[in-house]
Amino acid sequence: MANDFYTHGGYPVQNANGASADARAEFDAIVAGFNKMPALVASALRIVRVNAGATALESVTPATAGIVMADGSVPMAANLPMGGNKITGLGAATVAGDAVRYEQGGTVAMVETHAAVSKATPVDADELPLADSAATFGLKKLTWANLKATLKTYFDTLYPVAPNIHAAPSKATPVDADEIGGTDSASSFSLIRITWANTKATLKTYFDTLYASLAGATFTGLVNFKTGANIASAATLNLSTAGGNTVHITGTTATSAVTMNNGEWVLCIADGAWPLTYHATNNKLNTGGTNYTCAVGDRVFYYYDGTTVYGEIVRQDGSINSTASLRLPSFTTTQASSALTTSMPAHVLDFRNATATTGTPATALCTPADLVVPATSNLGMLATTVSNRLAILEAYNSGAPVLCIANTAGGLQLDETNLISPTTIGASSNSNTVIYSAVACAANSPYRVIGFVDVVFTTGTGWSSPTLVQPAGGNALTAMGSIGYGQTQGVQTRISGITYYNPGKAFWLHVYVTSSTTTPSTTISINGGTATHMYMPACGGGGAVTAAGVFLVPANCSYVLTDANVTSRTTTEYR
C-alpha cells in the first residue's frame, strides 16, 4: 500500500529469485521513510508534527507548536476563541488570576467592588451593575439618578408626607431651629426643609408690605376704628370687653371705676345723663377732682396706662371740660449749664377770647414745649448780681399753647386783658420790653400768667438758680405788684451818688434833709433819667433849713440820690 513514508517496489516477487541490487533499493526506500520521522534522541516530551513543507515529521516543543500543556508548564500566549462554545469542567477559582466558574461570577463582582476606590457622594451620572430579571438576569447598568427616582417612587408609597405630618406630635410654640418641609419650585419641586427662623423672616418681609408695624408705623390712609355695641352704665364700667374703640353708654347709673387693659383706649359717648364719680386711680377725670354728670352727646376719652384710668371729658358742644383750668397749673424752672429751662406737664387751661366782644373763653388742652433761656440771653436784666422778676406766660397760639417769658422790669402789660405777639427766643434775647416764646407763636394771641421766677443773671456767666418759683394765675401778679401790697416802712442808708436798684414792685421813697448852708440841693434820677430836684427853701441868717420830699420808684428800676450842701439826710422806703 502506497503512503508518504514508504511504498514497496514489488520486490521480492513471490517464488522468484532475487537480485541484491533490487533488495538494496527496497531497503533504501524503507530508510527514506524512516528518515521522514524525527530522531528520538533529545525529543523527549516534544510534539511530533508535519513540517511546513508537508514532506516529513518534525519534533518541536509544545510552546513552538502553540500547545497549552495540562501541567501548566506552557501557558496560553494569546486569547482562546471558543466559537460560541463553553469551557466546561473548570475548577473553582481560588486566587487572583484564576478563571472563574459560572457560579462564582457574583462573588468575584463583590470582591472587586469591595476592593474598588470609595466615592462618598455619588452624582446622577454614576452607574451601578444590575442583573436584569426581565432579561434572564442579564447584566445591565443603572444610573444613580434612575436609582433615586425609582426609590423615591417606592418610598413615597411607604412614607406619604401628609399622613406622617398629621400623625406627628404637635408643637404649640416653634423655635427658630425647628424645620418645616416643602417643595422647591425652582428645583423641579424637590423636597426641601425651611427653618422656622427663615419662615418668620420671609413672612415678615411680605407682611411688612401689607400691614403697619407695631412700632414707628406711618399710616398712609384713613384708619377706621370699629364702633362696638352699646354698654349700659354701671358702678364699675368694664371697657376691656368693648366691641370697638367707640361705644355708646346707656343708662344713668353713676360710674366710679372703669376696668381696662393696659394700653387700651375707648371713646365713650353718653346717650343720657351719665354721672361720673371722680377717683384718683380708677376714674381720674379732667375735673380737678370733682364729679361730673355727662349730658347727652358728651364724650369721655378713657385711657389706661397700667396704673391709672384717665377720663378726658369733651362736652357735646365741642368744648373741653375746663373745671381743671380753675386750678393753678404747675410748672418748674431750673438752671443747668447757666441756662434756664421752664417746663409744664399736660393741663387744661381757659383763655380769653381773641375777639374783644366775645365773652366765651377758649379752652385748650396744653402740652407746651419746654422754654429754654440761653446763658447768653439776659432778657434785659437791670444789672448783674441783682435779682429780677421774670413772668412765665402761656400764649393760646390758635389752640396750640406755647410757653413764654418776660422781664417785669420792662413795665409790660401782663393783666391778661390784652393780646401779645411774642418773639421766638434766641441766643441774644436781651430786651425787657419783649415777650419771648419757646417756639414760633401766632401774633395777637390771648395769654395766661402762669407764675413768676426771681433769679439773678451775671454777664459772662449766665443764669443762677432761681431763688423763687411761684405760680400766680390771672391778675395775681398784678395785685402783688401793686403799691402798698405786702410793703412795710424802713429807713435805709442811701449814699449820695451811688446807684441803687428796685428789683421788685414800685415803692414810695421819702427823703428828709437838713442844711445850714444857703444853697442846699438834693436830686433823684430814675433809670438814668433827668434829675428831679426836691424843693428846699434858701437858708438865711445862719439858721438851719429842713425839707422833705416823696418820690415814686417804679418796679425794676435804678435810682440815684445826689446831695449838695446837705448836712444830713434820712431816707425811708416803703416796700
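Trainee: How far is the sulfur of cysteine 294 from the closest cysteine sulfur, and which residue holds that one?

Mentor: Keep in mind that this is a predicted model. To call a disulfide, you want a pair of cysteine sulfur atoms within 2.5 Å. Here the closest cysteine sulfur to that of cysteine 294 belongs to cysteine 268, and at 9.0 Å it is too far for a bond.

Trainee: How many disulfides does the structure hold?

Mentor: The count is 0.

Trainee: Are cysteine 294 and cysteine 557 buried or exposed?

Mentor: Look at relative accessible area: under 20% means buried. Cysteine 294 has 1%, so it is buried. Cysteine 557 comes out at 8%, so it counts as buried too.

Trainee: Okay, backbone next. Which phi value does serine 188 have?

Mentor: Check the sign, and check whether the residue is a glycine. Serine 188 is not a glycine, yet its phi is positive, at about 55 degrees. Phenylalanine 189 also isn't a glycine, and its phi is positive, near 55 degrees.

Trainee: Where does serine 188 lie?

Mentor: In the loop between β5 (179-184) and β6 (190-195). Phenylalanine 189 is found in the loop between β5 and β6 as well. Serine 188 counts as exposed because its relative accessibility is 72%, and phenylalanine 189 is exposed with 55%.

Trainee: Last one: which residues make the nonpolar surface patch?

Mentor: For a patch like this, pick out nonpolar side chains at the surface. Leu151, Tyr154, Phe155, Leu158 and Tyr159 make one of about 500 Å². Leucine 158 sits in helix α4, residues 144-158, and counts as partly exposed because its relative accessibility is 41%.

Terms used:
Residues numbered from 1 in each chain as written. Predicted model: local features only at pLDDT ≥ 70, side-chain atom pairs only at ≥ 80, totals over all residues. Heavy atoms only, no water. Patch = residues over 30% accessible without salt bridge, like charges linked within 9 Å, V, L, I, M, F, W, Y side chains within 5 Å. Areas by Shrake-Rupley, 256 points an atom, 1.4 Å probe, with all protein chains shown as cover. Salt bridge = Lys/Arg side-chain N within 4 Å of Asp/Glu carboxyl O. Helix = DSSP H or I, 4+ residues; strand = E, 2+ residues; numbered from the N terminus. Buried < 20%, exposed > 50% of the residue type's maximum accessible area, 1.4 Å probe, protein only.
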